[in-house]
Protein chains: 4
Amino acid sequence: MTENISLETAKQLIDAAEQKADEIGVPSVITVANPDGNLIAQHRMDDAWLASVNISRNKAYTSAALEMPTHELAEPSQPGNSLYGLQTTDDNRIVVFGGGFPLERDGEIVGTIASSGGQVDEDMTVARAGIEQFQTLVH
Amino acid sequence: MTENISLETAKQLIDAAEQKADEIGVPSVITVANPDGNLIAQHRMDDAWLASVNISRNKAYTSAALEMPTHELAEPSQPGNSLYGLQTTDDNRIVVFGGGFPLERDGEIVGTIASSGGQVDEDMTVARAGIEQFQTLVH
Amino acid sequence: MTENISLETAKQLIDAAEQKADEIGVPSVITVANPDGNLIAQHRMDDAWLASVNISRNKAYTSAALEMPTHELAEPSQPGNSLYGLQTTDDNRIVVFGGGFPLERDGEIVGTIASSGGQVDEDMTVARAGIEQFQTLVH
Amino acid sequence: MTENISLETAKQLIDAAEQKADEIGVPSVITVANPDGNLIAQHRMDDAWLASVNISRNKAYTSAALEMPTHELAEPSQPGNSLYGLQTTDDNRIVVFGGGFPLERDGEIVGTIASSGGQVDEDMTVARAGIEQFQTLVH
């Protein structure tokens with residue numbers, strides 16, 4: 001049976017991601033959303049960028065709405081490529097750079113996690129710490 | 001006399017497109033709109049991306065609003081080209097990649113059909129199955 | 001196990017609602033959405049009002065977002081009552097008059113159905129024809 | 001010295017509010033924002049309404065933007081009163097029913113807390129549990 005992630009689980013994933021963000025010194029905004037891209041929990045770490053509130057939420061939305069990590073959209077949405085222009089569709093909620101990921105259980109997407117606050121690779125590192133935490137909960 | 005496409009016709013076109021989408025294994029959102037770009041019918045196939053609900057609708061809108069298939073906008077909207085920036089005009093409803101097409105009867109646009117759910121060429125294949133169905137109805 | 005309504009089911013509910021709308025002579029726009037308020041299928045009957053495309057979709061959204069029929073919001077949102085102003089919250093997607101209903105299976109909301117096109121009581125009659133059809137499928 | 005509320009403090013306030021929401025059986029969405037109305041943290045409790053994600057956030061925004069509890073806006077925004085129409089200003093982010101409150105330290109607003117998920121008086125009760133927690137931290 002597929003279930004949405006609970007708030008309790010979401011808080012644990014965000015805690016793990018925050019810890020990683022602290023460790024690498026990148027104040028971040030971390031969001032966990034449900035499979036329809038709607039917010040379960042969002043934390044803005046002290047000193048994280050204001051813009052990251054929106055970007056983090058929309059990375060979480062994008063991962064749900066297109067069922068893939070947001071960094072996979074970077075290449076196809078470049079000028080000259082097949083999905084050029086993608087980022088202005090869907091009421092501008094589509095983010096085409098990394099930091100948003102689906103959370104899967106038994107091959108089903110049960111939620112998403114996203115981080116914004118630093119370089120793209122830093123955002124991916126922070127979000128992935130949440131995914132690792134999720135995997136310890138699932139197994 | 002030009003007439004809008006009826007809901008009955010729209011359902012037949014969507015059915016044909018859905019059949020093609022099933023055949024090629026691409027769960028899709030298929031929209032039929034009237035010549036003003038307003039929705040007549042929209043179906044989201046099971047497991048189709050959430051983002052495709054909006055993108056499919058806007059491809060149908062774009063084909064009506066600019067009276068051409070959306071894939072013809074890909075080249076002119078590239079950086080350096082004449083319509084660069086087009087996709088952020090018109091309240092961001094303009095989609096500049098393929099999958100939306102006008103439906104014509106006697107050289108008049110009587111509606112549009114659009115698909116979103118896979119690669120651009122897959123979306124075009126699905127929408128074209130609806131166009132073929134339309135041509136059998138017209139003749 | 002709770003599952004979203006399938007497109008196949010959605011089409012059957014809309015067909016039943018359309019038949020009722022025809023019967024009472026009220027061209028309507030009928031929408032079926034998932035429990036997060038996202039569209040599964042929408043049909044605009046010939047001659048239905050353009051505004052009903054949006055209103056029908058938002059009634060379906062509202063029933064999901066507040067987990068109740070939209071007519072139950074009419075009284076509390078009146079001037080002087082506790083939820084006055086509700087209709088302009090949530091990006092103006094909240095509709096506070098009748099015609100949107102949750103679809104329940106075993107006490108769980110598995111989707112919503114909404115109609116717009118006539119008087120409020122007519123919209124409720126049309127949507128309820130879809131609910132009755134749903135109940136024959138569930139049992 | 002006026003300081004924004006830290007994420008650590010925000011989490012404690014939300015925890016206290018969640019505990020109250022559990023106690024009264026009203027799954028809620030609780031938001032803490034900074035004095036500019038921008039999000040610090042937001043939690044959607046399991047089974048809380050989807051619409052409450054947006055309404056909770058906007059109650060927190062409103063309390064910051066107008067520097068008062070949202071229930072004080074209910075009366076002046078009624079038809080015939082001085083601020084009739086207020087709720088559709090400021091990009092529709094103004095919520096004119098109760099559940100959002102400023103958080104004050106030494107007479108300065110240092111943040112806001114808001115809850116959405118039940119009747120207006122329930123939302124106020126939940127948010128006030130967060131305020132009480134805040135007062136134990138300040139003193």
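1. Start with the salt bridge between A:Asp15 and D:Lys11: in this predicted model, the closest N and O atoms of the pair are 3.7 Å apart. That sits inside the 4 Å cut-off for a salt bridge. The count between chain D and chain A comes to 4 salt bridges, and the rule also picks out 8 residue pairs in polar contact across that interface, both partners at pLDDT 80 or more.

2. Which elements of chain D supply the side that touches chain A? Helix 1 (7-24), strand 2 (39-44) and helix 2 (51-65) of chain D each put in at least two residues. Strand 2 of chain D gives the most, with 6 residues.

3. On extent: chain D and chain A bury about 1,400 Å² between them, and 49% of that is on carbon and sulfur atoms. In chain D, the residues losing the most area to chain A are D:Leu7, D:Leu39 and D:Arg44, together 33% of what that side buries. The contact draws 18 residues from chain D and 18 residues from chain A.

4. Now the symmetry. A turn of 179° with a shift of 0.0 Å along the axis lays chain D on chain A, with an RMSD of 0.1 Å. That is the relation of a two-fold axis. Where does chain D come closest to the rotation axis? At D:Gln42, whose C-alpha is 2.6 Å away. The interface fits this picture: 100% of the interface residues of chain D are also interface residues in chain A, so the copies meet through the same surface.

5. Have a look at helix 2 in chain C as well. Its 15 residues (51-65) should span 21 Å at 1.5 Å a residue, and the end C-alpha atoms are indeed 21 Å apart, so the two agree. Is this helix enclosed or open? Of its 15 residues, 12 are buried, so helix 2 of chain C is largely enclosed by the rest of the structure. Among the buried ones are C:Arg57, C:Asn58, C:Lys59 and C:Tyr61. After the helix comes C:Glu67, which has a positive phi, near 55°.

6. Last, A:Ser52, which lies in helix 2 (residues 51-65) of chain A. Buried or exposed? A:Ser52 has a relative accessible area of 1%, so it counts as buried. The side chains of A:Ser52 and A:Ser116 are joined by a polar contact of 2.9 Å. Setting aside neighbours within four places in sequence, A:Ser52 is in contact with A:Val29, A:Arg57, A:Ser116 and A:Gly117.

Terms used
Residues are numbered from 1 along each chain as its sequence is written. Chains are lettered from A and ligands numbered from 1 in the order in which they are written. This is a predicted model: local features need pLDDT of at least 70, side-chain atom pairs count only at pLDDT 80 or more; totals for chains, interfaces and linings use all residues. Side-chain values use heavy atoms; hydrogens and water are left out. Copies are superposed by least squares on the C-alpha atoms of residues with pLDDT of at least 70 in both. Contact means heavy atoms within 4.5 Å. Helices (H or I, at least four residues) and strands (E, at least two) are DSSP runs, numbered from the N terminus. Buried means under 20% relative accessible area, exposed over 50%, partly exposed in between (1.4 Å probe, protein chains only). A polar contact is a pair of N or O atoms within 3.5 Å; within protein, one must be able to donate a hydrogen and the other to accept it, and residues adjacent in sequence count only if both atoms are side-chain atoms. The expected span of a helix is 1.5 Å times one less than its number of residues. Buried area is the accessible area (1.4 Å probe) that two parts lose on being put together, summed over both. A salt bridge is a side-chain nitrogen of Lys or Arg within 4 Å of a carboxyl oxygen of Asp or Glu.
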